[in-house]
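Good morning, colleagues. Please turn to the structure on the screen; my topic today is its salt bridges.

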Amino acid sequence: MRENKKMQGKREGYARRMKNHGFLKKFYPDEWLDSAYHINFASWYEKGYRGVTFDIDNTLVPHGAPADRRAIDLFRRLHEMGFRTCLISNNRKSRVAPFAADVESDYLCMANKPSVKGYCRACEIIQVPTD
């Protein structure tokens, strides 16, 4: 997939900011796709990954939208593959909990992203190592 200039600028900006951020660096992409729905999660599983975290708004659905069929199907496939999932959001429980219930995922609301604490807590919730 060809990377457009906007995406290239975002990638380069993230790379500069994450250069010295240790733990958080692994949560920033090293590959840019148009959508989370285009990720080859089967290859991630083959590489040994067992947990996936997602933001909700503007990642899985448009801002404020409920879980749609595409999100529900994605999480069903991830769980069938053996992945544990956690939604990590700065939103309140009233936004995150219903979405998490619809996709049958663990969640962390009011995560204070990009704080490392939220990401570490999400890893604890889904019982995957932080390294």
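Where do R76 and D73 lie, and how many residues apart are they? Both residues belong to helix α4, with a spacing of three residues, about one turn of the helix. I should say at once that this is a predicted model.

The side chains of R76 and D73 form a salt bridge, at 3.9 Å from N to O. R76 itself is partly exposed, its relative accessible area being 41%.

R76 also pairs with E80 in a salt bridge, and here the closest N and O atoms are 3.3 Å apart. E80 and R76 are four residues apart in helix α4, so about one helical turn separates them. E80 counts as exposed, at 59% relative accessibility. Through salt bridges with shared partners, R69, D73, R76 and E80 are joined into one network.

Let me now widen the view. The structure contains seven salt bridges. One of them links the side chains of R95 and D57, with an N to O distance of 2.4 Å. Which parts of the chain does this pair tie together? R95 is in helix α5, residues 93-103, whereas D57 is in the loop between β1 (51-54) and α4 (69-81), so the salt bridge connects parts that lie 38 residues apart in sequence.

Are these two partners buried or exposed? R95 is buried, with a relative accessible area of 17%, and D57 is buried as well, at 9% relative accessibility; the cut-off for buried is under 20%.

To close, the pair R76 and D73 lies within helix α4, while the pair R95 and D57 joins helix α5 to a loop. Thank you.

Technical notes
Residues numbered from 1 in each chain as written. Predicted model: local features only at pLDDT ≥ 70, side-chain atom pairs only at ≥ 80, totals over all residues. Heavy atoms only, no water. Salt bridge = Lys/Arg side-chain N within 4 Å of Asp/Glu carboxyl O. Helix = DSSP H or I, 4+ residues; strand = E, 2+ residues; numbered from the N terminus. Buried < 20%, exposed > 50% of the residue type's maximum accessible area, 1.4 Å probe, protein only.
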